[in-house]
Amino acid sequence: MATSLEINGRRVQVEAAPDTPLLWVLRDEAGLTGSKYGCGVGQCGACTVLADGAPVRSCSLPVSALAGIKITTIEGLGGTHPVQEAWMRLDVPQCGYCQSGQIMSAVALLAGNANPTDADIDAAMDGNICRCGAYQRIRAAIREAAAQSRA
Amino acid sequence: MNAHVDQDAARTGATRRELVVGTALVSGALLVGCGPADLLSVGAKTEVGAFGPFIRIAADGAVTVFNKHIEFGQGTHAGLAAIVAEELDADWSRVSVEQAPANAKLYANTLIGVQGTGGSTAIPNSWMQLRKAGAAARAMFTGAAAAAWKVPEAEITVKDGVVSHTASGKSAGFGELLEAASEIAPPEEPKLKSHADFTLIGTDRVRRKDSRAKSTGEARYTQDVKMEGLLTAVVAHAPRFGAKVSGFDDAEARKVAGVVDVIEIPTGVAVVARSTWAALQGRNALKVTWDESKAEPLGSAEIEAKYAEWAAGKGALPDKLKWETFETRGDAAAGGEGEVFEATYDFPFLAHATMEPMNCVAQVGGQGGTRLTVASQSPTMDQLNTARIAMTLPGSVQIENLFAGGSFGRRANFQSDFVAECVHIAKKVGKGTPVKLVWTREDDMMAGYFRPLTHHRLKVRLDKDGFPAAWTHRVVTQSLMKGSPMAPKGIDSSTVEGAMGSPYLKATPAVDGQVLMPELGIPVLWWRAVGSTHTAFVMEHTIDQLARKAGKDPVAYRLALFEKAGASRHIAVLKLAAEKAGWDKPAPAGVTRGVAVHESFGSVVAQIAEVRIVDGVPKVGRVVSAIDCGTAISPDQIAAQVEGGTCYGLSATLHDEMVVKAGAVERQNFDTYPVLRNSEAPTVETHILPSTNPPSGVGEPGTPVIGPAVANAVLAATGKATFRLPMIRA
Ligand code: FES
Ligand code: FES
């Protein structure tokens, strides 16, 4: 059964069964492998994408629930988003596997809150596990991107 | 087996001798230390360019460095390339990195003898090798320029990829001189720079080369491999360690749209499909029955109880199991005046829980030969295990090495467990069809290869000044090396490293250290910092308790013991950390400090953790670290490894605990296996001790110190010691 999705500003027809999680549609059908699988149960945040600007765990969202919703993945940020630039400037990634999800959560945070407090950052980022423990740089990069955007 | 070999000879065209060699290796005759690299590269392609196996220079002068090690976050891309660039005097902004192929002869780890990454050796083993490679290439350019310009070579300088002769005003880039330089024979012993002449190494210019790819989603991991005709496999695995398939019904599984095959393999039943979701749905529909007659009967609780009994000298030991001595001096059992401290410590099984669950892409039986596309930590081991299944020469197994979403030791596996599973499936699928094996988080956790559950029992008698006079130490833990190709002749020091050789034991007149290594059906493996994950905790937390007994300041008490042991590097890092942390000034209100110092992988780390107790739980704020890791290549990446290593260690201190019940893994995902999250992560400051010694390990030494530092801070706050990890039990 074909489903029509809007991903990174483009209409995409996918053949997946309606109960297929968005993550596997993005990765296996749309060829967008930036979003990662880490747990499949909404616990790790590696699969985070934006749905109408809100951060969602794509591993736990069936495609059937996404009609009319605009999906943005890491690929949709274009590589020049202030959050991505801060990530590169501070060399945040280690293995990098969690970082697409971290960046999408950070982008959503800053879109709604230009000057997040430490508590805001904790609240927004605690759903994203980084086993390499890049947390300190993640926090620093969010602060830096926020400062950059305000400037 | 011989029949197979002959068929194989016919197919591969290999000579009889090559196959005999290959088969001997495949059947496990690998002996590290007897030059296996030559044997293991039989069948490999070995052409190298003019500048050797590590360097390629393009016509436009851009430099590519081949990384023989895996990049799983530890920063080899930056560190190894910087070593080459320094000696070559290349333009750092025009140096890029490519993963080297699998080739034991060209790319062996000089400390291990075969190609592989482990023991925090990527930089240490490459240090001289890559300096020489860079310097030799540089000499080829200066030689070419001298000939072309007819000037003395000694007057030629190189800077940022530009070769110059000041007196004549001549200069040329690497690209312009490339052809002529390629014709020059590289010197055997090129002249290396002295530390004082380094312009790149040790500066903040040495930054990661992969941050862009890893911030845009472009970095390619095994999970992301796309190939024409690729099939995805998931495997129904045994519910208990040691259980085997006794039968299965695949009728429903085969009806799932997209499922193309269901295959029995040694480790379970594989469902092969056109997409990941279809494979997962197929597995859900599969009915497998298991023969559990040989399954592991024990669980964590029984194992822990047994270990405690054995360490206490109660209960008979199983056949052939005996205590082995790791350190002994004087008579530790003799009585004495001083106070006696006794304690036991318990550590659970731990999963590596890498962010990317294990996975692999394999092709067997096609025109392209046997190929792996996978993040391979031990290419030689993976070639060997693959060859054994695919019946081919290890050296002929090609590996395209990718970024790994973490490893922490998990991918360096003597059995190449997940690689081997994928090769079994790809062999049955055949025709060179690429098969991607995908493990879910649950598969990854259920596969085991945990940090072993470990028990320590200590009895320390103090002298009249409150310093240890006699130290009796028992450790019970599974061996990591027993039965492996790297099994040591004596004791498996990976089980006790960090206690064995500790300066505290050196400073103690009487020592009786023994280890017991029982065998269990629960597979174990090295886990970032290996033995030090428990020994550092035991030694450093014990020392703080002894200092309290003696009424001495924990830093001063340690310095006195390090003095006695002649541990000058420990003294230096401890003093540096204490100074930077302001140890002699009062801590902020509501905060207590804990200190710990530990040597692992050739590096010494001291940390001082500031802890606040919030709702009965330690909240770690600032952590001041000092590290002596020899020559610092990339200060920024050393800091990153100390930050990350600290978080990995803190996760195990606060949360990580794998629970096994009757041979079954109880905790299979992050909902039941909590790990450290952002709000709990400390802010780590890293101070690097200036040094011109060769570089030592950085990836692991940051991990084992935080646990005891935090426990010591909690001890200072509450007067209570910690005898079991994790501190917060789920
Ligand atoms: S994969 Fe979606 S939250 Fe972990
Ligand atoms: S960078 Fe490796 S898990 Fe976050």
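Two residues are in contact if their C-beta atoms, placed from the backbone, lie within 7 Å. The structure described in this report is a predicted model, and the report deals with selected features of chain B.

**A sheet and the helix across it**

Chain B holds an open sheet of 3 strands in the order 1-2-3, and the pairing in this sheet is mixed. Strand 1 (55-57) and strand 3 (95-99) of chain B each have a single partner strand and stand at the edges, so one side of each is left without a neighbour in the sheet. From one strand to the next, the twist averages 25°.

In which sense do strand 2 (residues 63-67) and strand 3 of chain B pair, parallel or antiparallel? The pairing of these two strands is parallel and extends over 5 bridges. As for individual residues, Val65(B) has Val97(B), in strand 3 of chain B, as its bridge partner.

Helix 4 (residues 76-88) of chain B lies across strand 1, strand 2 and strand 3 of chain B. The direction of helix 4 makes an angle of about 130° with strand 2 of chain B.

**A pair of helices**

Helix 12 (residues 379-390) and helix 13 (residues 417-429) of chain B have axes that come within 9 Å and cross at roughly 30°. Angles under 35 degrees count as roughly parallel; helix 12 and helix 13 of chain B are therefore roughly parallel to each other. Their crossing is right-handed.

Helix 12 of chain B contributes Asp382(B), Asn385(B), Thr386(B), Ile389(B) and Ala390(B) to the contact, while helix 13 of chain B contributes Val419(B), Ala420(B), Val423(B), His424(B) and Lys427(B). These contact residues comprise 5 nonpolar, 3 polar and 2 charged.

**Backbone details**

Two residues of chain B other than glycine, each with a positive phi, are set out below.

| Residue | Phi | Loop in chain B | C-beta neighbours |
|---|---|---|---|
| Asp160(B) | near 50° | between strand 4 (156-159) and strand 5 (162-165) | 15 within 10 Å |
| Ala662(B) | near 45° | between strand 24 (660-661) and strand 25 (664-665) | 15 inside 10 Å |

Are these residues buried or exposed? A residue is buried if 20 or more other C-beta atoms lie within 10 Å of its own, exposed if 12 or fewer, and partly exposed in between. Asp160(B), with 15 such atoms, is therefore partly exposed. Ala662(B) likewise counts as partly exposed, because it has 15 C-beta neighbours inside 10 Å.

A further backbone feature concerns a proline. The peptide bond from Leu725(B) to Pro726(B) is cis, and its omega is near 0°. Pro726(B) is located in the segment after helix 20 (706-718) of chain B.

Note on methods: Residues are numbered from 1 along each chain as its sequence is written. Chains are lettered from A and ligands numbered from 1 in the order in which they are written. This is a predicted model: local features need pLDDT of at least 70, side-chain atom pairs count only at pLDDT 80 or more; totals for chains, interfaces and linings use all residues. Two strands pair if DSSP finds at least two bridges between them. Helices (H or I, at least four residues) and strands (E, at least two) are DSSP runs, numbered from the N terminus. Axes are lines fitted to C-alpha atoms, for helices over the stretch in contact, and angles run from 0 to 180 degrees between N-to-C directions. Angles under 35 degrees count as roughly parallel, over 145 as roughly antiparallel, 65 to 115 as roughly perpendicular and the rest as oblique. A crossing is left-handed if the near helix is turned anticlockwise from the far one by less than a right angle, and right-handed if clockwise. Ala, Val, Leu, Ile, Met, Phe, Trp, Tyr, Cys and Pro count as nonpolar, Asp, Glu, Lys and Arg as charged, and the others, Gly among them, as polar.
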